Every structure is written in structure tokens, then in C-alpha cells.
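Q: I have a model open and would like to learn how to read its features one by one. Could you walk me through them?

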Amino acid sequence: MGVSELLQLLGDAIDDPEEESFLLFTGPIPSSNLGFIDSKAKDIEISVNGQDLSIQQSPGLLTANLAGGTTGAVVWKVTPAFASWIADSENILTKTLVISPKSVVIELGSGVSGLVALTLGQQVAKYIATDQSYVLKILRHNIESNWPSRKRSKLSKDWTTSLEILELDWETTLTSDLPLLIPELQQAPSQAGGLDLIIACDCIYNEALIPSFVSTCADLCGLRRKFSVELESGMDAHPPTLCIIAQQLRSAVIFEEWLRVFHQKFNVWRIPDVMLSQDLKEGTGFVIHIGILR
């Protein structure tokens with residue numbers, strides 16, 4: 001079981017980005033403004049898979065004029081739905097063992113909420129939540145205040161043992177430095193180095209950032225391939241890093257440009273409705289793609 005079984009279930013990869021965009025944007029897409037849950041609330045209450053979370057936002061920061069953008073200052077509607085889906089034990093990624101207690105996962109553009117980190121982070125060996133520097137203080141607060149305590153759950157571990165918060169700017173951070181910061185990215189020769197999973201939830205919104213975003217995804221996926229070459233023996237048994245992109249369908253132009261650039265470096269599949277929760281199926285305005293570095 002693993003990536004090969006998952007790909008068999010997904011079927012043929014996407015061949016034509018323009019056709020994929022046409023299929024998605026000619027279907028029903030509900031109007032939900034830009035996709036905020038509540039851009040004016042300083043605190044919002046969210047339930048994810050039975051876990052009640054109190055999430056702090058920064059409405060003031062959302063309107064600030066920062067060069068790298070400030071969209072990570074609030075929670076977007078696709079994030080709770082995606083967090084619930086990917087952390088569910090019946091998720092196709094878990095059932096095929098693509099996600100397991102041994103997995104090392106990195107999230108790009110985590111935003112202030114930490115919702116995916118708070119849910120999936122409890123189920124894997126290492127979860128690395130990353131974003132620009134302005135996000136990290138509130139992100140850390142939300143994780144610290146919502147992580148299950150040992151008093152509430154005997155199975156819970158301290159969040160610092162399995163979760164890392166790092167600054168990662170797609171335009172400026174050297175991904176080659178990550179293995180120096182995260183020991184789990186460098187493993188013994190009998191194990192796979194690099195990452196098992198890269199997650200990005202609603203990060204496709206600015207056409208100017210698409211090249212650097214895709215390059216960061218490719219560089220991170222390449223870490224395992226790099227270690228595989230260096231370690232030489234037994235590396236064929238280690239699966240490739242999987243890149244999972246969840247997003248709200250807003251602009252056909254921006255989506256198609258992202259997919260065109262992403263498709264140049266990755267083989268890409270769309271996760272079909274039969275594998276998704278009701279909150280993510282066709283008609284919700286959300287879509288999830290999986291990529292494997294070519």
C-alpha cells in the first residue's frame with residue numbers, strides 16, 4: 001500500500017491544464033465572496049472533527065500594506081473543510097497509508113489559524129507549519145491554546161515534540177536550508193529522507209506569486225530525491241513526496257496559470273468526489289489536486 005495504490009485509485013493524470021480549468025469553472029460554483037469565514041472577527045469558534053477550537057485572527061493585519069500580502073491573517077472557508085477531511089481516519093490518504101504515524105509533513109502558507117496543524121499534526125511523526133514572519137506569533141498562540149492537553153487526553157503529546165513552526169517565504173527562503181533546521185528531513189540510510197507530504201491550503205490567489213510557490217513545492221519535493229541519490233542503496237523502496245493543493249475556485253485565469261506552471265514540473269491528479277467529504281465535493285467551490293514531481 002502507499003502512493004502507488006493511491007495513484008491506481010486516482011486513475012489517469014491531468015493531461016491538459018486548460019481543459020481541467022474549463023471543466024471546473026463551467027460547473028456550479030457558489031458565490032461566497034472572497035472566501036473569508038469572518039474577516040472582521042478577532043476570535044472565531046470552529047469545530048473540526050469533533051474538536052472545538054478557539055481561533056484568534058488579526059482583522060487589522062489583513063488590511064495592512066505588506067509586500068508579501070496579508071491573506072494569512074484570517075481563516076478561509078476551505079481550511080476547516082480540508083482539515084476535517086485530511087485528518088479523518090477514513091481519508092483515502094490514510095487508508096492507503098500515504099499518511100501514517102511515521103509521516104513527515106510540511107504545510108506552506110499555514111496562516112494564523114493552524115487548523116490543519118492542530119488536526120493532522122496529532123497523527124504524524126512531524127508536522128512543520130510555515131508562513132511569513134508576520135503570521136507566526138498568532139499561529140503559535142493558536143496552536144498552544146488549542147493543542148489537547150495531557151489532562152484532557154492521555155494519548156496527547158506535547159505539541160513541541162511533533163510540531164515545528166518555521167518562517168518560510170516562497171520568494172526568499174532557501175529550501176536547501178530546511179534539512180539543517182529540521183533533523184527529521186535527514187534520515188538513516190535505511191529510511192527515506194525528505195518529506196512525505198506537502199500541504200498548501202488556499203494559497204493560490206496572487207498570479208505574481210505562482211512561480212515562486214511552484215518552485216518552492218518542487219524544491220521541497222526534491223529533498224527526498226536528493227537524499228535518495230546521495231544514499232544510493234535501497235532508495236527505490238521509498239515513495240515520492242506528495243504535494244496536496246486545496247483551494248477555492250475564484251478566478252479561472254489565476255487557477256489556469258497556476259495549473260499550467262505546476263503541470264510543467266508535476267504530474268497532477270484531481271481528487272474525485274467519491275474520495276472527498278460532502279463539504280469539498282463538486283458544487284462547493286472547492287477543489288483538491290495532488291502532484292508528484294516529474
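Q: Which residue is the bridge partner of isoleucine 199 in strand 7?
A: When reading a sheet, start from one residue and look across to its neighbour. In this predicted model, isoleucine 199 has isoleucine 244 of strand 7 as its bridge partner. Strand 6 and strand 7 run parallel and are joined by five bridges.

Q: What joins strand 6 to strand 3?
A: Follow the other pairing in the same way. Strand 3 and strand 6 also run parallel, with four bridges between them. Isoleucine 199 appears here too, as the bridge partner of glutamate 107.

Q: How many residues of strand 6 are buried?
A: Look at the strand as a whole, then at each face. Strand 6 (residues 197-201) is mostly covered, with five of its five residues buried. Leu197, Ile199 and Cys201 are buried on one side, while Ile198 and Ala200 are buried on the other, so both faces are covered, where buried means under 20% relative accessible area.

Q: What is the strand order of the open sheet?
A: Read the order across the sheet, then find its ends. Seven strands make up an open sheet in the order 5-4-3-6-7-9-8, and the pairing is mixed. Strand 5 (163-167) and strand 8 (266-270) are the edge strands, each pairing on one side only. From one strand to the next, the twist averages 20 degrees.

Q: Which helix packs on the sheet and touches strand 7, strand 8 and strand 9, at about 130 degrees to strand 9?
A: Check what a helix touches, then compare directions. Helix 1 (residues 3-10) packs on the sheet, in touch with strand 7 (242-248), strand 8 and strand 9 (286-293), and its direction makes about 130 degrees with that of strand 9. Helix 11 packs on the sheet as well, touching strand 7, strand 8 and strand 9, and its direction makes about 130 degrees with that of strand 8.

Q: How do helix 2 and helix 11 cross, and at what angle?
A: For a helix pair, take the distance, the angle and the hand in turn. The axes of helix 2 (residues 17-25) and helix 11 (residues 252-265) come within 9 Å and cross at roughly 145 degrees. The crossing is right-handed. Pro17, Glu18, Glu20, Ser21, Leu24 and Phe25 of helix 2 meet Ala252, Phe255, Glu256, Leu259, Arg260 and His263 of helix 11. These contact residues divide into six nonpolar, two polar and four charged.

Q: Which residues have the most contacts inside the largest nonpolar core?
A: Find the core, then pick out its best-connected members. The largest nonpolar core has 55 residues, and those with the most contacts inside it are Phe82, Trp85, Ile86, Leu93 and Tyr127. Leaving aside neighbours within four places in sequence, leucine 93 is in contact with Leu6, Trp85, Ile86, Val98, Ile99, Leu242, Ile244 and Ile290. Another core, of 39 residues, lies apart from the largest one and has Leu195, Leu209, Leu223 and Phe255 among its members.

Q: Why does serine 84 count as buried?
A: Compare the residue's accessibility with the cut-off. Serine 84 is at 19% relative accessibility and buried means under 20%, so serine 84 counts as buried. Serine 84 lies in helix 4 (residues 78-86). Beyond its neighbours within four places in sequence, serine 84 is in contact with Val48 and Asn49. The C-alpha atoms of serine 84 and aspartate 279 are separated by 9.3 Å, although the two are 195 residues apart along the chain.

Conventions
Residues numbered from 1 in each chain as written. Predicted model: local features only at pLDDT ≥ 70, side-chain atom pairs only at ≥ 80, totals over all residues. Heavy atoms only, no water. Axes fitted to C-alpha atoms, helices over the stretch in contact; angles between N-to-C directions. Helix = DSSP H or I, 4+ residues; strand = E, 2+ residues; numbered from the N terminus. Left-handed = near helix turned anticlockwise from the far one by under 90°. Contact = heavy atoms within 4.5 Å. Nonpolar A, V, L, I, M, F, W, Y, C, P; charged D, E, K, R; others polar. Pairing = 2+ DSSP bridges. Core = buried A, V, L, I, M, F, W, Y, C linked by side-chain atoms within 4.5 Å. Buried < 20%, exposed > 50% of the residue type's maximum accessible area, 1.4 Å probe, protein only.
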